[in-house]
Amino acid sequence: MDGCFFCESISKQEKLDFIDELESDLFVAAWDVNPVTPGHALLIPKRHAHLMKELTADEQQSLVGQIVRAKDYIKDADLTAIYAGLTAKMKGTKSEAFLQLTLDKLAAHDGAPDAFNDGLNDGPAAGQTVPHFHWHVMPRWAGDTSDPRGGIRHMFAGMGNYHDGVKNHR
C-alpha cells in the first residue's frame, strides 16, 4: 500500500532491521528499534492489513506458528551482539537511547529470557501508530520488574495488580 511504512520497508528491504531467519511466505520479522525489552521483535504480514480482523485465515493460522518460532529464536539469539550492532547502526537517531538502555538491561540479565509478553495495538485508539498490523513479542526475565503480576494490564495506571485492588485510577 502506498505510504505505508511497513509495506514500503518490506518491498524495498530497508528501514527495518529484518530477522531473516524468521521470514515465512506470509510474514517478516524485525527487531523493534525502540525496544521495550531486549529481544523485542515485530511480526509483520507481507500483505497490507491494518487491523487483525483484516488478516486472511491463512495469515491468522500462520501467526501463531510465527510467534512460537520467534520466541525460540530469541531465546537462542546473541542479543548483546545484535543490540551492539543495532546501536552502532542507529547512532545519532532517537532510537540510540532505547538501544543503549537495552544493552544496559542485557548486562543485568544472565541467559535466555524466562518468559514473554505478546500483543498488538489493534487500531489507533489502542495505540497503533503504524497502520499496518504487527504483533509484538517482548521477552521478559525473572526480576526485570519488582512485581510482574498483571503483565499487560499495567498499561492502565493502577490496574496492573488486581490482587491489590484498584489504586489511583479514574
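**Close-up views of a predicted model**

**View 1. The largest pocket holds about 1000 Å³ of space.** This is a predicted model. Of the 40 residues lining the largest pocket, D32, V36, H40, H136 and M138 are the closest to its centre. Several elements give two or more residues to this lining. They are helix 1 (5-12), helix 3, helix 4 (95-108), strand 4 and strand 5 (135-140). By class, the lining of the largest pocket has 17 nonpolar residues. Another 15 are polar, and eight are charged.

**View 2. The whole chain shows helices and strands along one sequence.** The protein has four helices and five strands. Read along the sequence, they follow the pattern α-β-β-β-α-α-α-β-β. The pattern opens with a helix, then gives three strands in a row. Three helices follow, and two strands close it. The C-alpha trace spans about 45 × 35 × 30 Å along its principal axes. The radius of gyration is 17 Å. A compact globule of 170 residues would have a value near 15 Å, which agrees.

**View 3. Five strands form an open sheet.** Their order in the sheet is 1-2-3-5-4, and the pairing is antiparallel. Strand 1 (17-18) and strand 4 (115-119) stand at the edges. Each has a single partner strand, so one side of each is left without a neighbour in the sheet. Strand 4 also gives two or more residues to the lining of the largest pocket.

**View 4. Strand 1 pairs with strand 2, and helix 3 lies across both.** Strand 2 covers residues 27-31. The two strands pair in the antiparallel sense over two bridges. W31 in strand 2 is the bridge partner of D17. Helix 3 (residues 79-89) lies across strand 1 and strand 2. Helix 3 runs at about 80° to strand 2. Helix 3 is also one of the elements that give two or more residues to the lining of the largest pocket.

**View 5. The structure holds one cavity of 30 Å³ or more.** About 30 Å³ of space lies in the largest cavity. Which residues line the largest cavity? They are Q13, F18, I19, D20, E23, V28 and A29. The lining of the largest cavity divides into four nonpolar residues, one polar and two charged.

Note on methods:
Residues numbered from 1 in each chain as written. Predicted model: local features only at pLDDT ≥ 70, side-chain atom pairs only at ≥ 80, totals over all residues. Heavy atoms only, no water. 1 Å grid on protein atoms, 1.4 Å probe; cavity = no way out; pocket = protein on both sides within 12 Å on 5 of 7 lines; lining within 4 Å. Points joined across faces, edges and corners; volume = space filled by probe spheres on them. Nonpolar A, V, L, I, M, F, W, Y, C, P; charged D, E, K, R; others polar. Pairing = 2+ DSSP bridges. Contact = heavy atoms within 4.5 Å. Axes fitted to C-alpha atoms, helices over the stretch in contact; angles between N-to-C directions. Rg over C-alpha atoms; globule rule 2.2 N^0.38 Å.
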